[in-house]
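Please walk me through this model in a viewer, stop by stop. Say what to select at each stop and what is to be found there.

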Amino acid sequence: MTVLDARPIADAGDVPLRVVVRRNPADRVYRGVARGGGVATLTLMGFIGGFLLLRSFHVLNARGFAFLTEKRWLAAQNGPFGIAAVLPLTFEIAIVAIVIAVPVATVAALFLTEYAPRRVRRLLTSLVDLLAAVPSLIYGLWGLFYLQPHLVHVSKWLSDHLGFIPFFHVQNGTALSAFTSSTFIAGVVVSLMVVPVCTTVMREVFAQAPQGEKEGALALGATKWGVVRTVVLPFGRGGMIGGTMLGLGRALGETIAVTFIISPFFQPRASILANGTHSISALIALNFSESVSNPTARDGLIAAGLALFVVTLGVNAIASTIVARSRSGASTEI
Amino acid sequence: MTSPSELDPFETHTGRPRSMPAPPPPSPPPAFDNTEAAPVYARFTDTDTMTLPPDPFIARPASRSAGITAQNVSAWFGDHKVLERVSLDMAPNRVTALIGPSGCGKSTFLRILNRMHELVHGAALAGVVELGGTDIYRGNLPVTETRRRIGMVFQKPNPFPTMTIAENVVSGLKLSGMKSTRSYAEIVEDCLVQAGLWNEVRNRLAAPGGSLSGGQQQRLCIARALAVEPHVLLMDEPCSALDPTSTRRIEETIAEICERITVVIVTHNMQQAQRVSQSCAFFLAGENEPGRIVESGPTERLFSEPEDTRTLDYVRGRFG
Ligand SMILES: Nc1ncnc2c1ncn2[C@@H]1O[C@H](COP(=O)(O)OP(=O)(O)O)[C@@H](O)[C@H]1O
Ligand SMILES: [Mg+2]
């Protein structure tokens with residue numbers, strides 16, 4: 001800034017040239033379409049956010065700060081309601097999902113880009129894409145009927161052996177029924193849906209790791225793992241973080257699978273293994289039918305939806321910034 | 001790694017092929033001669049965990065430099081044959097320059113010498129490459145150890161951009177799992193001095209490798225290659241994109257290290273070939289033909305009185 005101001009005052013004729021760009025018609029049409037698409041997306045987002053805000057405004061206004069501090073949800077019974085329990089529990093489920101999904105996705109993405117033989121690579125890549133397309137209802141059904149009966153044993157084992165860690169502590173954890181419908185089991189099922197998303201993002205970034213540096217490492221006598229460690233992972237760090245955030249965004253909003261698994265619980269707690277948990281999307285799904293006829297209860301659910309919308313939007317915004325920044329290559333300072 | 005005592009010492013140099021030769025690539029076999037060895041399809045993965053044979057150089061550490069010999073080396077990219085029966089003896093403690101017009105297979109030949117060629121999808125090769133008498137494709141030396149002993153400097157500088165300058169120098173020690181009796185600080189200084197970079201970076205060893213200029217990056221790559229104590233150093237047009245000062249420094253480095261290390265350098269600069277090399281090989285590929293060595297021998301003779309008129313034309317700058 002100071003550089004510009006340092007221009008001598010007397011040198012009045014020395015003004016920057018006004019750059020005029022004349023575009024040809026094809027370019028102009030293309031720009032118009034692209035801009036239109038961008039504007040349409042933003043408008044849609046604005047409409048959704050605006051609608052949620054508009055519909056829930058009177059509830060938020062009436063409940064005030066209590067909406068954020070109240071744990072119970074008794075809107076249909078004309079009682080108090082708030083997101084102080086469901087929001088943290090939503091995050092707990094999502095974090096369990098991410099903690100499981102990210103290592104799996106990282107290893108899968110590395111295998112696809114660095115280790116898999118060509119033909120296997122193509123097949124597996126389309127399989128991963130296919131996994132991302134499986135409806136979450138299917139994951140939910142499979143999680144409920146197949147995974148849950150198996151996972152309760154894992155939960156019990158974790159609680160028996162690692163119960164001194166608060167996350168794994170379960171009161172009265174002698175019967176298997178103390179472990180059903182927990183944050184952990186819901187998180188595992190959600191992680192299944194997150195893995196394909198994370199894998200795809202990471203794979204794309206890992207595949208861009210510069211060939212010259214990889215060959216440089218190999219020429220020094222590196223093994224494949226050495227190349228991965230010195231070139232691919234440092235290069236892909238931004239993509240790994242971006243993929244994680246994108247997966248987190250998906251995990252936060254996952255509805256049907258969580259609704260299947262959980263049994264509603266309105267107390268934020270450290271233990272992820274104990275029976276009973278909740279999430280905002282499951283809350284909306286479970287309470288919707290009994291709330292439609294009650295304007296306060298209905299708009300209370302919309303307010304909860306607004307909270308989820310804002311949180312997910314924030315997470316995705318951070319994710320896309322990081323992914324975009326990592327594109328430019330090696331200098332992935334974050 | 002298994003300890004060397006577990007290995008049968010007589011197995012080491014038998015040249016037993018590790019992988020079965022795959023069917024030859026669809027290139028018409030030459031009618032006039034069928035002595036060409038079957039192509040070696042080296043598999044990278046199965047050698048990663050190979051046991052290390054007794055090091056033939058440990059017995060005589062004074063002569064770390066080992067000669068590298070290529071016999072009847074041919075190379076293919078898919079169906080496209082790019083090298084045919086190239087034989088060249090790159091003597092220890094000498095600098096061998098590879099010259100020739102672009103596209104005649106010099107880089108391919110160089111990459112065959114340290115088993116980088118096989119990394120390209122669809123690439124195949126035939127012939128024998130020996131390092132100090134050991135066949136690097138059929139012998140027992142793991143591919144990673146082969147590449148450690150036969151270092152390479154690429155045309156485009158490729159330091160690890162996120163590592164510091166010092167970390168770049170010692171990166172090869174960690175990557176190849178090499179143990180050294182010297183401290184890292186010693187190695188860093190020693191290698192940077194050898195590469196002619198020490199004075200420029202001594203005060204900023206903790207700066208990232210990517211922050212250096214192109215010429216400095218290339219010298220950093222040379223320092224990095226020297227740190228793993230190679231027997232042979234292959235250089236593929238190391239100065240083609242560099243400033244004159246860096247070029248001169250690198251030539252000085254070559255002159256200095258060739259007392260201990262066999263150097264093979266590809267260059268398009270005839271003056272540079274004359275300045276740095278004692279031996280020279282002229283590669284040429286006819287139109288739609290694979291590359292061959294037209295002539296090789298002492299650099300002085302090749303430049304003053306070549307036997308082949310094409311060599312004379314090339315070194316006089318009449319084509320290429
Ligand atoms: N990765 C590759 N895939 C296919 N063909 C290649 C590849 N690399 C080089 N070639 C071909 O091999 C020939 C020799 O190339 P190269 O060894 O790079 O020549 P030089 O280094 O002498 O310029 C050229 O015809 C080139 O087109
Ligand atoms: Mg080349």
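How much area does chain A expose, and what share of it do carbon and sulfur atoms supply? Chain A exposes about 17,500 Å², and carbon and sulfur atoms supply 69% of that area. Keep in mind throughout that this is a predicted model.

**Stop 1: chain A as a whole**

Select chain A and colour it by secondary structure. Twelve helices and zero strands appear, so the pattern along the sequence reads α-α-α-α-α-α-α-α-α-α-α-α. The radius of gyration of chain A is 25 Å, well over the 20 Å that the globule rule gives for 334 residues, so the chain is more spread out than a compact globule. Turn the chain along its principal axes: its C-alpha atoms fill a box of roughly 80 × 60 × 40 Å.

Now colour chain A by burial. Of its 334 residues, 44% are buried. Contacts can be shown as well: among those in chain A between residues at least 6 apart in sequence, 74% join residues at least 24 apart.

**Stop 2: A:Ser159**

Stay in chain A and select A:Ser159, which lies in helix α6 (residues 136–162). Is this residue buried or exposed? A:Ser159 has a relative accessible area of 10%, and because buried means under 20%, A:Ser159 counts as buried. Show what surrounds it: leaving out residues up to four places away in sequence, A:Ser159 touches A:Phe168, A:Val170, A:Phe179 and A:Leu273.

**Stop 3: helix α3 of chain B**

Move to chain B and select residues 165–175, which form helix α3. This helix is mostly covered, with nine of its eleven residues buried. To display the buried ones, pick B:Ile165, B:Ala166, B:Asn168, B:Val169, B:Val170, B:Ser171, B:Gly172, B:Leu173 and B:Leu175.

What covers the buried residues of α3(B)? The cover includes elements from both chains: α8 (211–219) and α9 (224–253) of chain A, together with α4 (184–194), α5 (198–201) and α6 (214–227) of chain B. Then step just past the helix to B:Gly177, where phi is positive, at about 65°.

**Stop 4: ligand 1**

Select ligand 1 and show the residues around it. They are B:Phe77, B:His80, B:Val82, B:Ser102, B:Gly103, B:Cys104, B:Gly105, B:Lys106, B:Ser107, B:Thr108 and B:Val120. Sorted by class, this shell has four nonpolar, six polar and one charged residues.

Zoom in on the backbone of three of these residues. A polar backbone atom of B:Gly103 is 2.7 Å from an oxygen atom of ligand 1. For B:Cys104, a polar backbone atom is 3.3 Å from an oxygen atom of the ligand. At B:Gly105, a backbone N or O atom lies 3.1 Å from an oxygen atom of ligand 1.

Taken alone, ligand 1 exposes 560 Å², and the protein buries 61% of that. Highlight β2 (80–90) and α1 (106–113) of chain B, the elements that give two or more residues to the shell. Which of the elements gives the most to this shell? It is α1(B), with three residues.

**Stop 5: two asparagines with positive phi**

Most residues other than glycine have a negative phi. Two residues of chain B to check against this are B:Asn72, with phi near 50°, and B:Asn288, with phi near 55°.

Select B:Asn72 in strand β1 (residues 68–77) of chain B. B:Asn72 is partly exposed, with a relative accessible area of 31%. Next select B:Asn288, in the loop between β9 (279–285) and β10 (291–298) of chain B. At 80% relative accessibility, B:Asn288 counts as exposed.

**Stop 6: B:Ser240**

End at B:Ser240, in the loop between β7 (232–236) and α7 (244–257) of chain B. B:Ser240 is partly exposed, with a relative accessible area of 44%. Which side chain does the side chain of B:Ser240 make a polar contact with? The partner is the side chain of B:Gln155, at 3.3 Å.

As a last step, draw a distance from B:Ser240 to B:Asn114. These residues are 126 apart along the chain, and their C-alpha atoms are separated by 21 Å.

Key
Residues numbered from 1 in each chain as written. Chains lettered and ligands numbered in written order. Predicted model: local features only at pLDDT ≥ 70, side-chain atom pairs only at ≥ 80, totals over all residues. Heavy atoms only, no water. Buried < 20%, exposed > 50% of the residue type's maximum accessible area, 1.4 Å probe, protein only. Helix = DSSP H or I, 4+ residues; strand = E, 2+ residues; numbered from the N terminus. Contact = heavy atoms within 4.5 Å. Near = heavy atom within 4 Å. Polar contact = N/O pair within 3.5 Å; in protein donor to acceptor, adjacent residues only side chain to side chain. Areas by Shrake-Rupley, 256 points an atom, 1.4 Å probe, with all protein chains shown as cover. Nonpolar A, V, L, I, M, F, W, Y, C, P; charged D, E, K, R; others polar. Rg over C-alpha atoms; globule rule 2.2 N^0.38 Å.
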